[in-house]
Amino acid sequence: MPPARRAAVLGSPIAHSLSPVLHRAAYAELGLVGWTYDRFEIDEKALPGFFETLGPEWAGLSLTMPLKRAVIPLLDGISETAASVDAVNTVVFTDDGRRTGDNTDIPGMVAALHEYGIDKVDTAAILGAGATASSALAALSRVCTGEIVVHVRSKARADEMREWAERLDVTVRIAAWDDAQEGLHAPLVVSTTPAGVTDALAHAVPERPGALFDVLYDPWPTALAARWSAYGGAVVGGLDLLVHQAVLQVEQMTGRSPAPLEAMRRAGEQALAAR
């Protein structure tokens, strides 16, 4: 029997996470006997103590809010991608005992867009400026060749997005949330807001919409995504993002490539349908 290996997702709240479903589906498909993947309710205060308990059987960790920045001081190093947004969602434990951090959200977003044939756009719009918006901006830096308009709901968020734009070397224009309807006419719209926030915009979807990337996956579809799809626009959903970023995590943690994207997607779809 091969030695047991462990991985898990950490965060707070964490009960809703689909990561165990996706990773376990990958392990089964790859024939990784003895691999387990769990979830732990961990906040910033408890994170250092949790790290102290980790033994050599651990292969990696997935991190969600509020841990993506809090974990960085506990690591031996992070990738350029993670450093670009000061956010780590993946920790890999190497054979020599090092703990390295990466961010698979950014390439996961890009891969999800590529899957829908969205490789390059002239302009784009981001709805919201919360925790996911910096990763969205970094992903768009690889896809959008021109201006990115960010619709925000507070001055503090506007200042943050200007800082990220300067850091990522992208052209950003800040616009008021009250003008978010105008943003829906962009060839690519990325919605990073919590559930329900964009519902009031659904009536304003243009009759010939471009592409929408809505990072939510539960509830799904959102009112905005449903109207967008009804008008024939391409819709990339939060499950697409979750699966693509998880594929990269599985490959890094297990050393096996390619990870079984379709098996992971099916497992995620079945889990969501059962909720």
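Colleague: Leaving aside its neighbours within four places in sequence, with which residues is W35 in contact?

Modeller: The model is a predicted one. In this model W35 has contacts with R5, Y27, A59, M253 and T254, once neighbours within four places in sequence are set aside. A contact requires heavy atoms within 4.5 Å, and each of these five residues is in contact with W35. The residue itself belongs to strand β2, which covers residues 35-41.

Colleague: Why does W35 count as buried?

Modeller: The relative accessibility of W35 is 15%. Buried means under 20%, and W35 therefore counts as buried.

Colleague: How far apart are the C-alpha atoms of W35 and D95?

Modeller: The separation is 16 Å, for two residues that stand 60 residues apart along the chain.

Colleague: What is the strand order of the sheet to which β2 belongs, and how is the pairing described?

Modeller: The sheet is open and has six strands, in the order β2-β1-β3-β5-β6-β4, with mixed pairing.

Colleague: Why are β2 and β4 said to stand at the edges?

Modeller: Each of the two, β4 being residues 77-78, has a single partner strand, so one side of each has no neighbour in the sheet.

Colleague: How do you know that β4 and β6 pair?

Modeller: Pairing requires at least two bridges between the strands. Two bridges link β4 to β6 (residues 99-102), in the parallel sense, so the condition is met. On the β4 side, I78 has G101 of β6 as its bridge partner.

Colleague: What makes β1 and β2 a pair, and in which sense do they run?

Modeller: Seven bridges join β1 to β2, and the two strands run parallel. The requirement is at least two bridges, so β1 and β2 count as paired. Within this pair, R6 stands opposite T36 of β2.

Colleague: What makes β1 a mostly covered strand?

Modeller: Of the seven residues in β1, six are buried. The cut-off applied to each residue is a relative accessible area under 20%.

Colleague: Across which strands does α1 lie, and at what angle does it run to β2?

Modeller: Helix α1 (residues 19-30) lies across β1 (5-11), β2 and β3, and runs at about 175° to β2. Angles are taken between N-to-C directions on a scale from 0 to 180 degrees, so α1 and β2 point in nearly opposite directions. Helix α9 lies across β1, β2, β3, β5 (90-93) and β6, at about 15° to β5.

Colleague: Which element gives the most to the lining of the largest pocket?

Modeller: That element is α9, with five residues. Helix α9 (238-254) is one of the elements that supply at least two lining residues, together with β3 (58-63), α4 (105-115) and α5 (133-140). The pocket has a volume of about 1,200 Å³. Its lining comprises 46 residues, and T64, M65, K68, A131 and T132 lie nearest the centre. By class, 20 are nonpolar, 19 polar and seven charged.

Colleague: How much space lies in the second largest pocket?

Modeller: The second largest pocket holds about 210 Å³. It is lined by 13 residues, of which Y217, W220, L239, E269 and L272 are the closest to its centre. Helices α9 and α10 (261-273) are the elements that give two or more residues to this lining. The lining divides into seven nonpolar, two polar and four charged residues.

Colleague: How do you know that the peptide bond from D218 to P219 is cis?

Modeller: Its omega is near 5°. P219 lies in the loop between β11 (211-214) and α8 (223-230). The bond from S257 to P258 is likewise cis, with omega near 0°, and P258 is in the loop between α9 and α10.

Colleague: Why are cis peptide bonds and positive phi values singled out?

Modeller: Most peptide bonds are trans, and most residues other than glycine have a negative phi. D86 is not a glycine, and its phi is positive, at about 50°. D169, also not a glycine, has a positive phi of about 60°.

Colleague: Why is D169 called exposed, and what is its relative accessible area?

Modeller: D169 has a relative accessible area of 71%. Exposed means over 50%, so D169 qualifies. D86, at 28%, is partly exposed, because its value falls between 20% and 50%. D86 lies in the loop between α3 (80-85) and β5, and D169 in the loop between α6 (155-168) and β9 (172-176).

Technical notes
Residues numbered from 1 in each chain as written. Predicted model: local features only at pLDDT ≥ 70, side-chain atom pairs only at ≥ 80, totals over all residues. Heavy atoms only, no water. Helix = DSSP H or I, 4+ residues; strand = E, 2+ residues; numbered from the N terminus. Buried < 20%, exposed > 50% of the residue type's maximum accessible area, 1.4 Å probe, protein only. 1 Å grid on protein atoms, 1.4 Å probe; cavity = no way out; pocket = protein on both sides within 12 Å on 5 of 7 lines; lining within 4 Å. Points joined across faces, edges and corners; volume = space filled by probe spheres on them. Nonpolar A, V, L, I, M, F, W, Y, C, P; charged D, E, K, R; others polar.
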